[in-house]
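Work through these exercises with the structure open beside you. Try each task before you read its solution.

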Amino acid sequence: MAMAGEDVGFPGPLSPHLGPLEWDRAFAPVPVTPREGVPGAESEVPFAFVEGMTVAVRGAVDEDQVDVLRAAAEEDPRVVGLFADPVIAAAPVCPQDPPLGTAEDVERLLCVDGLQEQGMQGEGVLVVVVDGGVSREYLKGKGKTPGFDAGMSFSSVPGVKPGEAKAGHGTMVAFDACIAAPDCTLVDVAILQSMSFDGLLSDALSAYGHLQQMVGAPGFFERYRGIVVNNSWAMFHPAWDFPVGDPENYSDNPNHLFNRSVAALERLGADIVFAAGNCGPDCPDGRCGDFTSRTIYGANSHPAVLSVAGVDTHKRRVGYSSTGPGRLTGEKPDLCCYTHFSGSGVAAADSGTSAAAPVAAGVIAALRSRFRYDPSLPATSPAALRRHLIENADAQGGTGHSPELGWGVLDGCSLAAQPPT
Amino acid sequence: MSMVLMGIRWHGGPPSLEEVERRYALDPERVDQRFGVVLVDAAEHLYSLRLEREEAAKMKRDESVEGPFGDPQIAAVED
């Protein structure tokens, strides 16, 4: 409320005379530029306290008393205006925004040093990048020199040889996985076309069949401490799929062949990570169309995977991060992890839940290098590790699961202090 | 043409595409040869093949056959 006149001595003599308004006595009057014709408008020092000047004061009124207040304000010559005081909040990061923070900030936030002091750097762990292909040469130029398993890698993208793709989305994903797991061994599974980032679900089904053959082979977990499969891809729009309820549907159908393949790979011992998606309500990807609710489709919401939403390096949800509930599992995403930072250099920002997922995958790989998967010990299963991540998440003051942040932000510092046993 | 995914249960180890085509009397010209026979779940002896919808419709529906299932587009979660 703006008030003018002789007496802006706050607010004692006024309050009994302004209807149902409850004054906010902690809010000091703020000088405002008065409208023409109002005392003080002619002042050469508009924001100095001068007699008769206009100031803004604050109070509260019950919604059903607003008309009563308006009537009282109209009767009081000292009141020059009554205005709403809406809630404001920081605008969430959106795709076109510049990066916020760096990969080094992400390292610090995840306590990568602490993880490494505990011997958790990804050694002996495979990180599978199911994407458009990885450029090992580019990674090396950026100081990332993970191992590479050529035998497990394969490409269904014409002209793309594993490890030798043009630096693009898949390379960014690999870089981000190496933030917490610099000593991991990469497996390049190229299924997305490098130019348009598109593929078909059958490409992923083929990839998962290949991975199952590898992981299911005798002695796999004697040779490797773990295998983390990162998936920074999704279906974006219901129109890409059969309708919900149709037996051919994928998004909501646990019986779809790919969703069953995901379950099978996880039962074999793979830690599977999926990006939640970029169809968040604040600033969704253009491919989402008008669909910005319940956009964690199919395997991205599978009960056997870790579904990862995105927060910036200030731990605020990025505006494009898809929100739950998930289609196959209601309580998705599971966790948030960091995105929209300056990192790989493939683009200005390592962004999207595309980046958040492999950052989380790298943390899992780091944990597995000390807490290896043992098929004879259920306490080491992927489900047990997911529970451990959730129990140690930074809930950001919340209680329970939220559709925006899941169970909270992945907390590498807590995991370093309390590694799995 | 519209392609679909079909699930088949096959005991005794992974089948070759030729074995599957023979069993279900499928025209190889209408089956995705590059996709082949893909393992879905070894514990369930479940595999997948990809073929034209009209060809899939001819498959005899016994307990060994599931589907069809859709094959939607996917994309990297990035601008």
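Which residue stands opposite Ala234(A) in strand 5 of chain B?

Solution. Residues are numbered from 1 along each chain as written, and chains are lettered from A in the order in which they are written. The model is predicted: local features need pLDDT of at least 70, side-chain atom pairs count only at pLDDT 80 or more, and totals for chains, interfaces and linings use all residues. Start at Ala234(A) and cross to chain B: the residue opposite is Ala75(B).

**Exercise 2.** Describe the pairing of strand 13 of chain A with strand 5 of chain B.

Solution. Strands are DSSP runs of E, at least two residues long; helices are runs of H or I, at least four, and both are numbered from the N terminus. Pairing takes at least two DSSP bridges. Strand 13 of chain A and strand 5 (residues 73–76) of chain B have two bridges, in the antiparallel sense.

**Exercise 3.** Break down the side of chain A that touches chain B.

Solution. Contact means C-beta atoms, placed from the backbone, within 7 Å. By that rule, 43 residues of chain A meet 23 residues of chain B. Among the elements that each supply at least two residues are strand 11 (198–200) and helix 9 (352–368). Helix 6 gives the most, with eight residues. By type, 17 are nonpolar, 19 polar and seven charged. Here Ala, Val, Leu, Ile, Met, Phe, Trp, Tyr, Cys and Pro count as nonpolar, Asp, Glu, Lys and Arg as charged, and the others, Gly among them, as polar.

**Exercise 4.** Count the helices and strands of chain A.

Solution. Chain A has eleven helices and 16 strands.

Technical notes:
Two residues are in contact if their C-beta atoms, placed from the backbone, lie within 7 Å.
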